[in-house]
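Thank you all for making the time this morning. I would like to go through one model with you, beginning with its sheet and then turning to the way its helices pack.

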Amino acid sequence: MIDYKSIAGLNSGLSSQSVDETASVARDLGVGPEILVLGLYFAPFIIVALILVIKWIPYQRIQNQLKRAVKKPLQAESIRWLEDNVPFYSNLSVKEKIRFRKRVSWFIVYKNFILKNGLVLTELTKVKIAASAIQLTFGYNNVKLHHFNDIIVYPDKFKSPFTKKMTFGEVNPVGAIVLSMKELEKGYAIKDDGINLGLHELSHVLLLEHKNKRANYAFIKEKDLNKLYNFSLEVNKKEKRVGGLYNKYAFSNFHEFFAKTIELFFEKGSELKELYPDVYHVTGKILNLE
Ligand SMILES: [Zn+2]
């Protein structure tokens with residue numbers, strides 16, 4: 001038979017011994033045993049809190065640096081470039097221009113620019129790309145294209161790792177925008193040909209950002225997108241008969257139609273409005289610029 005009393009006695013003997021040991025350690029440290037037990041109990045929490053504070057301080061320092069960088073006004077050269085090359089910007093009121101520049105500043109500070117093949121990273125290089133992004137998102141209050149953080153810029157044409165073909169621009173749905181600087185500048189230099197690489201690629205980004213599965217994020221009204229899709233079928237038929245405004249590539253899929261329509265909306269607005277007023281009107285609604 002098991003002698004529970006003796007086991008209990010053994011246990012109580014052990015526990016009284018460990019209490020004695022704790023008491024003697026506590027005495028050595030000059031604190032009461034309760035304080036020491038409490039200290040041992042809270043030690044893991046204190047260590048975790050210390051680690052968090054140690055990590056939080058440099059994080060907060062970086063955040064403050066970024067906030068200060070966003071507040072820094074754009075260089076005169078960048079502002080001049082916006083005035084001379086982006087009609088959307090130069091036609092804004094003084095107050096709206098300030099808002100546009102603030103958004104450009106946010107974009108160039110927070111996005112990660114990777115320049116390839118000897119291109120030099122200057123503020124102006126980043127502003128040229130940011131201009132397209134801000135033009136397309138200017139109508140929305142808080143669309144920052146969060147799913148696209150990396151912007152890779154080549155001097156000219158580059159080989160796409162996906163299609164293995166030479167191209168001027170592509171958008172990787174995982175979160176990268178890849179552009180040719182030469183073609184981007186050409187798009188801004190000729191303002192009325194309906195070809196603008198920056199607006200084209202950033203239109204893909206805009207639609208992918210909207211369609212991202214994250215809940216409560218969609219910012220374009222689905223009914224407007226559906227309308228544009230239905231119009232695209234009509235436009236395709238009409239362009240096949242009479243041709244003129246759209247290129248063949250625009251009818252590859254809806255994403256390409258969307259991107260081409262946005263290029264036309266900004267660069268050949270009056271022609272788009274005259275030939276396809278419904279398309280013009282719904283595009284303005286999609287961009288929240290009406
Ligand atoms: Zn495209």
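**The sheet and its helices**

Let me begin with a connection in the fold: β1, helix α6, which covers residues 123–137, and β2 together make a β-α-β unit, and that unit is left-handed. Please keep in mind throughout that this is a predicted model.

The two strands of that unit are also partners in the sheet, since β1 and strand β2, residues 150–154, are joined by four bridges and run parallel. Within this pair, isoleucine 114 of β1 has isoleucine 152 of β2 standing opposite.

Stepping back to the whole sheet, we have four strands in an open arrangement, in the order β1-β2-β6-β5, with mixed pairing. Which strands stand at the edges? They are β1, residues 112–115, and β5, residues 169–172, and each has a single partner strand, so that one side of each is left without a neighbour in the sheet. From one strand to the next, the twist averages 15°.

Moving inward, β2 pairs with β6 in the parallel sense, over five bridges, and here valine 153 has leucine 179 in β6 as its bridge partner. The antiparallel part of the sheet is the pairing of β5 with strand β6, residues 176–180, where four bridges join the two. In that pair, valine 171 stands opposite isoleucine 177 of β6. Helix α8, residues 197–211, packs on the sheet and touches both β5 and β6, and its direction makes about 15° with that of β5.

**From the sheet to the helix pairs**

For the next part, recall that two packed helices are described by the angle between their axes and by the distance between those axes.

Let me stay with α8, whose axis comes within 8 Å of that of helix α10, residues 254–267, the two crossing at roughly 125°. Angles from 65 to 115 degrees would count as roughly perpendicular and those over 145 as roughly antiparallel, and α8 and α10 are therefore oblique to each other. The crossing of α8 past α10 is right-handed. On the α8 side the contact involves Leu199, His200, Ser203, His204 and Leu207, and these meet His255, Phe258, Ala259, Ile262, Glu263 and Phe266 of α10. By class, the residues of this contact divide into six nonpolar, four polar and one charged.

The helix of our β-α-β unit, α6, has a packing partner as well: helix α5, residues 94–110, has an axis that comes within 9 Å of that of α6, and the two cross at roughly 115°. This crossing, too, is right-handed. From α5, the residues are Phe100, Arg103, Val104, Phe107 and Ile108, while α6 brings Glu123, Lys126, Val127, Ala130, Ala131, Ala133 and Ile134. This contact has nine nonpolar residues, no polar ones and three charged ones.

Finally, α5 also packs with helix α2, residues 33–71, at an angle of about 140° and with the axes 8 Å apart. Here α2 passes α5 in a right-handed crossing. Leu66, Ala69 and Val70 of α2 make the contact together with Ser105, Trp106, Val109 and Tyr110 of α5. What classes do the residues of this contact of α2 with α5 fall into? Six are nonpolar and one is polar, with no charged residues.

Definitions and conventions. Residues numbered from 1 in each chain as written. Predicted model: local features only at pLDDT ≥ 70, side-chain atom pairs only at ≥ 80, totals over all residues. Pairing = 2+ DSSP bridges. Axes fitted to C-alpha atoms, helices over the stretch in contact; angles between N-to-C directions. Contact = placed C-beta atoms within 7 Å. Right-handed = clockwise from strand over helix to strand, strands pointing away. Parallel < 35°, antiparallel > 145°, perpendicular 65-115°, else oblique. Left-handed = near helix turned anticlockwise from the far one by under 90°. Nonpolar A, V, L, I, M, F, W, Y, C, P; charged D, E, K, R; others polar.
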